[in-house]
Amino acid sequence: MIVLKTGRELKIMKEACRISAGALQVIGKAIEPGVTTAELDRMAEAYIRKEGGEPNFKNYEGYPATACISINNEVIHGIPGNRKIVAGDIVSVDLGAKINGYHGDNAATFACGDISEEAKRLMDATRESLYEGIHAARAGNRIGDIGFAVQQYVEARGYSVVRQFVGHGIGTQMHEAPEVPNFGNPGRGIRLLPGMTIAIEPMVNIGNPEVKVLPDGWTVITKDGSLSAHFEHTIAITPDGPQIMTVV
Ligand code: MF3
Ligand code: CO
């Protein structure tokens, strides 16, 4: 069932999303050679709690941290630990906050120091594909229009979209209906209505789309070892078009 949110609910969600975006910004600024992913995770948790929120990933299906931090060939769900980030790494950070019963969720890939042209192009294309998807998230369009827009943009640049993981509805649950794939056909799937809140989150690989999960049960990596990037916003479908909620 897809839950439509009232204006009052959107206001509360906006606060969860603001905190989520602030925490992501804090991590982005702290990424430098030598910092460990656990240190970044602690900064994110401290920020979220200071703002009155709760980290919503923590304990979600047993997930042990505030943020997922995935480096280079890691796609998503990297568990923070003692790994030090080095110059040249691209670092995908995914995190969210909950406040007053509502969730926010966002992600971005950051560069540590100077990165390759190849990595830069991947990051730019992935970020831009998210905005293509958001642009298609208009009342009256269908869910497939979002996936189609993302996939077209990505594949036109020779990259591939991950299919095993998808975006999602979000609200009083971090993951609600509908699923929001980053691939699809125009005019297919459920119709988008004002009051829907969804997280659009393209995961883009330089190589082929296949991924696998490491024995830690969480970390998703590309099967071919190629670099991967990930950007995500929580958005609301409004009568005036898509509204990005995860902004500071
Ligand atoms: N919030 C992530 C997503 O973008 C899911 C993270 S799973 C968790 O949908 F267990 F780490 F929370
Ligand atoms: Co998400």
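In the predicted model, a nitrogen atom of ligand 1 lies 3.1 Å from an N or O atom in the side chain of Asp 105. Oxygen atoms of the ligand also face protein side chains. An N or O atom in the side chain of His 175 is 2.7 Å from an oxygen atom of ligand 1, and for the side chain of Glu 232 the corresponding distance to a ligand oxygen atom is 3.2 Å. On its own, ligand 1 has 340 Å² of accessible area, of which the protein covers 96%.

The space taken by ligand 1 is the largest pocket. The ligand is surrounded by 13 residues, and the closest of these are Phe 57, Asp 94, His 168, His 175 and Glu 201. By character, the shell around ligand 1 is made up of six nonpolar, three polar and four charged residues.

The cobalt ion (ligand 2) is bound by protein donors from Asp 105 (OD), His 168 (NE2), Glu 201 (OE) and Glu 232 (OE), at distances of 2.0 to 2.2 Å. Along the chain, the donors of the cobalt ion follow the spacing D-x62-H-x32-E-x30-E. The arrangement of the six donor atoms around the cobalt ion is irregular because the angles they subtend run from 54 to 174°. For an octahedral assignment, opposite donors would have to be over 155 degrees apart and all others between 65 and 115.

Several residues recur in both sites. Asp 105 supplies a donor to the cobalt ion and has a side-chain N or O atom 3.1 Å from a nitrogen atom of ligand 1. Glu 232 is likewise one of the cobalt donors, with a side-chain N or O atom 3.2 Å from an oxygen atom of ligand 1. His 168 and Glu 201, also among the protein donors of the metal, are listed with the residues closest to ligand 1.

Notes
Residues are numbered from 1 along each chain as its sequence is written. Chains are lettered from A and ligands numbered from 1 in the order in which they are written. This is a predicted model: local features need pLDDT of at least 70, side-chain atom pairs count only at pLDDT 80 or more; totals for chains, interfaces and linings use all residues. Side-chain values use heavy atoms; hydrogens and water are left out. A residue is near a molecule or strand if one of its heavy atoms lies within 4 Å of it. A polar contact is a pair of N or O atoms within 3.5 Å; within protein, one must be able to donate a hydrogen and the other to accept it, and residues adjacent in sequence count only if both atoms are side-chain atoms. Accessible areas come from the Shrake-Rupley method with a 1.4 Å probe; for residues, only the protein chains shown count as cover. On a 1 Å grid over the protein atoms alone, a cavity is a set of points where a 1.4 Å probe fits but cannot get out, and a pocket is an open set with protein on both sides within 12 Å along at least five of seven lines; lining residues have an atom within 4 Å of a point. A molecule sits in a cavity or pocket if more than half of its atoms lie within 2 Å of its grid points. Ala, Val, Leu, Ile, Met, Phe, Trp, Tyr, Cys and Pro count as nonpolar, Asp, Glu, Lys and Arg as charged, and the others, Gly among them, as polar. Donors are N, O and S atoms within 2.8 Å of the metal (3.2 Å for Na, K and Ca); water is not among the atoms, so sites may look incomplete. Four donors count as tetrahedral if all angles lie between 85 and 135 degrees; four count as square planar and six as octahedral if opposite donors are over 155 degrees apart and all others between 65 and 115; anything else is irregular.
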